[in-house]
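Good morning, and thank you for joining. I would ask you to keep the sequence and the structure in view while I speak.

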Amino acid sequence: MYSIGICDDEKNLAEEASVQTDIMLDIPEKISIEEIDLCSIFCNLFDNAIESCKRVPIQEQRFLKLCAERKAGYLIIYERNAMTGKLKRKNGRIITNKKEISEHGYGLELLRMMSEKYDGKMTVHTYPGIFEIELALEIKDT
């Protein structure tokens, strides 16, 4: 699966940014979720997390945890990472905190659309210093 290779590449980028990583992926070989969509999901999760972690001034506090597993007919993808500050929301949606709005890649919006495409849901939580996201994507029998 390409998504596993992408995770390896992204893990290397995280480690270059002094981000401690913990990755556990248990993705079935035959899955009804398109490979290109899985790649997009994992790339977005990693890119957002690495960018967030780079803003954490104390390198020892930078971390990224990514898990994926099949559970009750869904592929559950869970990601948690270090962050600084608070998320900005507008009309119930998270908006960029980048200085240049044009640099905003709409990653979270893409993740939300992917969860809807696969009859699932996306939940986002923040705690002091922590960002957490979970995607539940329905797996149809192949």
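Let me begin with a question: which residue in β7 is the bridge partner of I77? The partner is L135. Please bear in mind throughout that this is a predicted model.

I turn to the strands around that pair. Strand β3 covers residues 74–82, and strand β7 covers residues 130–138. The two run antiparallel and are joined by nine bridges. β3 also pairs with strand β2, residues 63–71, again in an antiparallel arrangement, here with eight bridges. Within that pairing, E69 has I76 as its bridge partner in β3. β2 and β3 make a hairpin with two residues between them. In the turn, A72 has a positive phi of about 50°.

How many of the nine residues of β3 are buried? Seven are, and the strand is thus mostly covered.

This brings me to the core. The largest nonpolar core has 31 residues, and those with the most contacts inside it are I33, L38, I41, L75 and I77. Helix α2, strands β2, β3 and β7, and helix α3 each supply at least two residues of this core. The greatest contribution comes from α2, with eight residues.

I41 deserves a closer look. Setting aside residues up to four places away in sequence, I41 touches I77, L111, M114, L135 and L137. Two of these, I77 and L135, are the bridge partners with which I opened.

Next, D37, which lies in helix α2, residues 35–54. Is D37 buried or exposed? Its relative accessible area is 6%, which is under the 20% cut-off, so D37 counts as buried. Apart from neighbours within four places in sequence, D37 is in contact with M114, K117 and Y118. M114 therefore appears twice in this account, because it touches I41 and is also in contact with D37, with contact meaning heavy atoms within 4.5 Å.

Finally, helix α3, residues 107–117. Which of its residues are buried? They are G107, L111, R112, M114 and S115. Viewed down the axis of α3, these buried residues fall within an arc of 160°, so they line one face of the helix. After α3 comes D119, whose phi is positive, near 50°.

To close, I return to β3: this strand is bridged to β2 and to β7, and its residues L75 and I77 are among those with the most contacts inside the largest nonpolar core. Thank you for your attention.

Technical notes:
Residues numbered from 1 in each chain as written. Predicted model: local features only at pLDDT ≥ 70, side-chain atom pairs only at ≥ 80, totals over all residues. Heavy atoms only, no water. Buried < 20%, exposed > 50% of the residue type's maximum accessible area, 1.4 Å probe, protein only. Helix = DSSP H or I, 4+ residues; strand = E, 2+ residues; numbered from the N terminus. Pairing = 2+ DSSP bridges. Core = buried A, V, L, I, M, F, W, Y, C linked by side-chain atoms within 4.5 Å. Arc of directions from axis to C-beta.
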